Amino acid sequence: MENFKIDVDSDGIALITFDVPGRSMNTITASVVRDLYEIANKIKTDAAIKGAVFASGKESGFCAGADLGEMNERGAAAGGKEPKTEDEKLKAQFERGFGLNKVYRELETCGKPVAVAIEGLALGGGLELCLATHYRVAADNPKIKLGLPESKVGLLPGAGGTQRLPRLIGVQNAAMMILQGQDKSPQEAKGLGFVNELAPAGQTIAAAKAWVKANPKAVAPWDVKGYKVKDGPYTPGGAMMSVGGNAMVSKQTNLNYPAQRNILSCIYEGVQVPIDAALRIESRYFLKTAATPQARGMIRSLFVSMQALGKGGNRPEGFAPYNVKKVAVLGAGLMGAGIAYVQAKAGIETILLDVSQESAEKGKAYSKRIVDKDISRGKTTKEKGDELLARITPSTDYSLISGADLVVEAVFENPALKAEVTKKAEAYLAATAVFGSNTSTLPITGLAEASVRPKNFIGIHFFSPVERMGLVELIRGKQTTDETVAKAIDYVLKIRKTPIIVNDHRGFYTSRCFGTYPQEGIEMLMEGIAPAIIENVGRQCGMPMGPLEVSDSVGLDTALKIGKTNAELNQQDYKKDPRAALLSWIVEDKGRVGRKGGKGYYEYGEDGKPTRIWPELSQKIEVKVKECPPELKAELTKRYLFRQCIEVARCFEEGVITDPRDADVGSILAWGFAPYSGGCVSYIDLFWGTAKFVEEADRLAERYGERFRPNKLLRDMAAKGESFYERFGGKQKAAA
Ligand code: NAI
């Protein structure tokens, strides 16, 4: 056996130590499943074994669950071609070795007592193994996480979790835990009833063995004759759960996440029947869920790719690690202040420069506010907070830049000013250090002209609020070297954010693609679709806000400015364009600049939250479509999502973005593109396939305009039946 070690003691109790070779954490692979069958059989048939205790041989914990990387790869097996029919898909899933549900049941019914000693985290399939034993002893350490997080990647617990947990802790508690993917501490788990005993750290094995010895005839409660689930659907509490749970899931997910519905169905159907039938029901729902494009896309982007990018998966090879210890931030405004905070939190000495000492101090005060809040909520200690703040030096003195490994420039969006501060800063900067600009719109190659070493110049584009947004878009200028990219990635990883790499273009990758969403909203407005429909469908198709609310947040004056610049570039009178004319009326005549001014497409309450659509909008726009039957909703959904995806395809064709993982992860983290899809690229690849996507985009183009017309790249891929991950996947091809 590869992954477990068995030691039988003098009492006949087998200690089964889970220790996957060559890994820092135990995960469940096909090979682990095979071993478990052998173990179940040995416990059952070996007369010398009286009972068994599972434990982990790893410091890192008991088990983190199924190996999603392996699952993702198996999904792409068979030459990267997908099983076509529903039946083929289910069969393929089944053959992938996920007989986990069955083997756990074999352990549970082996006829001898089995317990588990939990000294560290047990998640997903790892916790399900624990639930399938007869007795769970956990170390008395509140930091240990016990949970079923499958729903976070579009899956459901498929190894008994949806059946054993409700039987142990009640339907309502279990449904909440599983739907939300929450984890619990051992103390909470004991309170709820899915941990039986707490023992001091290091003593769980002894406690588990003692229990096994004292309970030679143990069986699971649901295997005792006459067992019935206490709060099934036909009890008052259970009935409330069935009805209320459905309503809650529908409201929160807009039915975009099949796993959520399937979890509820699994529990509802499963708790009404004996456990063996219940587990079969769960397996069916699991296989159905795992075969959805949602699960495939979410596992790939939100887990596998995020993890890869978080470990520098897109870092150019061959450069020594760059240990960033000191960074100067130019400009202590909204962005500079946030950047200073995340750096100081990551232990980086930070020089925060602005035009006056007062402005620089104001920037540092931003960090103080966050630290104070964290202290008051018990998230950090006063000592740690003070250390963090001591790392930030607010100043006006550029000579303090000496010795910095990197500069992040975040002054006003003005090319002349940016050129000036670049020169000023470089006078003190070591020749090997990197200069990064946080510009949101200005081409990097142009800004690099002010630099004496454009090879070390790069765009480091943060998102607001910096401390909450997990993505950083790195933009290569024409002269930026691979070494500079590698150094910038090391910096981004050090401040615990996810880097994506793009090439220089107006709006880079994120702003350019994201911009098409509010633009499509305006198109709908011009067509006379009621604003409420435009906004609701936007949210229902998985975007974080409606397109009009997004425009208000970005600033209508900014949108107008971009419209004017584009018109100038095309030598057009912007007022001749009805969309620009509408914007100009709202901004210039009515003085409504969006959320920051307290009025835009929406009216805002004192708390800054939108209260209702500005009624006067109807003076300019005649509302012709006031109802939204399902066909219209489906059509508007397609318009929103296709529009963004087609822009992403254009970015690939123009070489603005080159790695599908960057494109997918970037679309979700930067602008919240429908996370259930796995991102823009996965939406094309997994929900449509390029051929069908092109066909549908052509139809949209005929009906609504050339903005939907597929580009040459898409047509070429459609003709070859190629996916983005196949064509651009490189190293990740296998995971397509
Ligand atoms: P801001 O207006 O809040 O801050 C700019 C700061 O730069 C001010 O504190 C100003 O006093 C300071 N400054 C001006 N001249 C300076 C000089 N010579 N030396 C040092 N400091 C100087 O602007 P914000 O929003 O922080 O934006 C900064 C940059 O980040 C801009 O390029 C912007 O396009 C970009 N950006 C902004 C995002 C946002 O959501 N606000 C998102 C991503 C990028």
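A residue counts as buried when its relative accessible area is under 20%, as exposed when that area is over 50%, and as partly exposed in between, with a 1.4 Å probe and only the protein chains considered. Before selecting anything, note that this is a predicted model, in which local features need pLDDT of at least 70 and side-chain atom pairs count only at pLDDT 80 or more, while totals for chains, interfaces and linings use all residues. Residues are numbered from 1 along each chain as its sequence is written, and side-chain values use heavy atoms, with hydrogens and water left out.

**The whole protein**

Begin with the full chain trace: of the 736 residues, 54% count as buried, and the C-alpha atoms fill a box of roughly 85 × 60 × 55 Å along the principal axes. The radius of gyration, taken over C-alpha atoms, is to be set against a globule rule of 2.2 Å times the number of residues to the power 0.38; the protein has 28 Å, which agrees with the value near 27 Å that a compact globule of 736 residues would have. Colouring by secondary structure brings up 32 helices and 20 strands, where helices (H or I, at least four residues) and strands (E, at least two) are DSSP runs numbered from the N terminus.

**An open sheet**

Next select β4, β6, β8 and β9, which form an open sheet of 4 strands in the order β4-β6-β8-β9, with mixed pairing; two strands pair if DSSP finds at least two bridges between them. The edge strands, each pairing on one side only, are β4 (61-63) and β9 (183-184). Inside the sheet, β6 (residues 121-123) and β8 (residues 146-147) run parallel and are joined by 2 bridges, and a view of leucine 123 leads to its bridge partner in β8, glycine 147.

**The ligand and its shell**

Now centre on the ligand and select the residues with a heavy atom within 4 Å of it: of the 22 residues around it, Met335, Asp354, Glu413, Lys418 and Ser440 come nearest. By class, this shell has 12 nonpolar, 7 polar and 3 charged residues. Helices α14 (334-345) and α17 (415-426) each supply at least two residues of the shell, and α17 gives the most, with 3 residues.

For polar contacts (pairs of N or O atoms within 3.5 Å), show methionine 335, where a backbone N or O atom lies 2.8 Å from an oxygen atom of the ligand. Then add asparagine 438, with a side-chain N or O atom 3.0 Å from a ligand oxygen atom, and valine 411, with a polar backbone atom 3.3 Å from a ligand oxygen atom. Taken alone the ligand exposes 830 Å², of which the protein buries 79%, the areas coming from the Shrake-Rupley method with a 1.4 Å probe.

Technical notes: A polar contact is a pair of N or O atoms within 3.5 Å; within protein, one must be able to donate a hydrogen and the other to accept it, and residues adjacent in sequence count only if both atoms are side-chain atoms. Ala, Val, Leu, Ile, Met, Phe, Trp, Tyr, Cys and Pro count as nonpolar, Asp, Glu, Lys and Arg as charged, and the others, Gly among them, as polar.
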